[in-house]
Amino acid sequence: MTNSVVVPRFPRVAAGELFLKVSPKDIKRLDDPHDDSRYSYEVQVPVTEAEKLIVGSANPRDQKVTSTIPQEIRTSLDQSADTFHLKNRGIWIAAKKAEYDNQTQTLTLYCPQGDEERYGAVDGGHTLRIIKEYVEELRQNPDVKWANGLPSLKAIPYVMLHIRVGVEGDLTDMAACLNRSAQLKEYTLANYRGQFDEMKEILDSENFGKIIDYRENGEGEYDVLDVIQRLTLFCNGLFPAKSGKHAVVAYSQKAKCLEYYLKNKSEYLALRPIIGDCFRLPDQVERLLAKASGSPRFGGYGFVNPLKKPRLSPSLRGFAESDLVKSWAIEHEVTGVVFPITAALRVLVRRKSDGTVLGWREDPLKFLLKHGKELFEPFTTAEYESPNALGKNHELWSTTYLAAYQALHPED
């Protein structure tokens, strides 16, 4: 009589111990040639054993199974079970400790998941995610019978495991080098190195804090590059207008803003007292610009797209309404104009000579509604080939900032 599965379906994550049944012929231990504290196991196991593994905290990104590579992995499992272990790079596991017992034929991996510990799948997270889904579907299939923890298939797919112990100090480099089938985004690696820890602490209290992804393939409505891009608009220390510098890069080269952040983190973190305002302001400017511009033909400009149905930006979801606006849902999408006008509002940032930001000189939204006509005017007469060209025009950024400065200091 065929028995049902007796192996636990889920690993003992709480204890950090994972138990894999491995035949002695399918495992080999290797000592590191340069460091006695490091060692490895090279293992081949059926996918029903591999599914017990965890991605854990060692992997720098979330797994997105709808892209091309995961789909190819699944196709290989379904159609080439007998050669899957030859075509797949396998799963690289960082473990705190690993032990193999020949008598019980059990490989025990210690992969604790504490706040300061990174163990689990350094690479091969997508493979592991697809394997888990594949095995679960086998369990749900009434035509598949199980015996001794194995399904009744013509060929059971195997996968290679590359276990590494004692590599805590090399995890970042390992993650960067191994994750090349779909190259890691730079901000994912920066997050892995802890570069955003202070920013996370600040932003978590904001209404939009929980919808920001700090590593790729997440489900948030913003990624950390969106945050850095918007904060760049207010970094007066990096882009002093008196020297003719403006944050045009925030519009023209979003990814480059990460370089500015990593080299000048203190400039961004100095915005702590107004950081939520800085992130929301581009959306608020877009919402209020029709009124602030004072233009009766606002919707007729080529860079303005009237929406058939108002749309609420996620940054303003749950944000308190005020006497300035009844609803934050935007009625016009504005291309190429919002960032230069928002950046001009940095004239209102109260900043000490040592870089410390104290707050706003005036409420930026009230200032916009009062002086929006002067800020909007340069765009109404500008010549441009496309709306995006407006956002990359350094002269327009300079002119708009000057208009804001003169509005704040009319005596000058």
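**View 1. Glu-133 and its partner Arg-129 within helix H4 of the predicted model**. In this predicted model, Glu-133 is partly exposed, with a relative accessible area of 29%. The side chain of Glu-133 takes part in a salt bridge with Arg-129, in which the closest N and O atoms are 3.4 Å apart. Arg-129 is likewise partly exposed, at a relative accessible area of 33%. Because the two residues, Arg-129 and Glu-133, are four residues apart in helix H4, about one helical turn separates them.

**View 2. A salt-bridge network of Asp-32, Asp-35 and Arg-38**. Salt bridges with shared partners connect Asp-32, Asp-35 and Arg-38 into one network. Within this network, the side chains of Asp-32 and Arg-38 meet in a salt bridge with an N to O distance of 3.1 Å. Asp-32 has a relative accessibility of 23% and therefore counts as partly exposed, given that the buried class is limited to values under 20%.

**View 3. The salt bridge between Arg-74 and Glu-137**. Arg-74 and Glu-137 form a salt bridge whose closest N and O atoms are 2.8 Å apart. Arg-74 belongs to helix H2 (residues 68–79) and Glu-137 to helix H4 (residues 125–140), so the pair ties together parts of the chain that lie 63 residues apart in sequence. Glu-137 counts as partly exposed, with a relative accessibility of 44%. In the whole structure, a search finds 20 salt bridges.

**View 4. The five-stranded open sheet and helix H4 lying across three of its strands**. Five strands form this open sheet in the order E2-E3-E10-E4-E7, and their pairing is mixed. Strand E2 (27–31) and strand E7 (120–123) stand at the edges and have a single partner strand each, so that one side of each is left without a neighbour in the sheet. Ignoring direction, neighbouring strands of this sheet are turned by 30 degrees against each other on average. Strand E4 (residues 91–95) and strand E10 (residues 158–165) run parallel and are joined by five bridges, and Ala-95 stands opposite Val-165 in E10. Helix H4 lies across E4, E7 and E10, running at about 105 degrees to E4.

**View 5. The largest nonpolar core, with Phe-303 and Ile-341**. This core has 75 residues, and those with the most contacts inside it are Phe-303 and Ile-341. Helix H12 (residues 275–293) supplies the largest share of the core, namely eight residues. When neighbours within four places in sequence are left aside, Ile-341 is in contact with Val-285, Leu-289, Leu-368, Leu-375, Phe-376, Phe-379 and Thr-400.

**View 6. A second, separate core and the chain that contains it**. The second core comprises 38 residues, among them Val-22, Ile-91, Tyr-134 and Val-159. For the chain as a whole, there are 16 helices and 16 strands, and 50% of the 412 residues count as buried. Among contacts in the chain with a separation of 6 or more, 75% are between residues 24 or more positions apart. The chain exposes about 20,500 Å², of which carbon and sulfur atoms supply 47%.

Key. Residues numbered from 1 in each chain as written. Predicted model: local features only at pLDDT ≥ 70, side-chain atom pairs only at ≥ 80, totals over all residues. Heavy atoms only, no water. Salt bridge = Lys/Arg side-chain N within 4 Å of Asp/Glu carboxyl O. Buried < 20%, exposed > 50% of the residue type's maximum accessible area, 1.4 Å probe, protein only. Core = buried A, V, L, I, M, F, W, Y, C linked by side-chain atoms within 4.5 Å. Contact = heavy atoms within 4.5 Å. Areas by Shrake-Rupley, 256 points an atom, 1.4 Å probe, with all protein chains shown as cover. Pairing = 2+ DSSP bridges. Axes fitted to C-alpha atoms, helices over the stretch in contact; angles between N-to-C directions.
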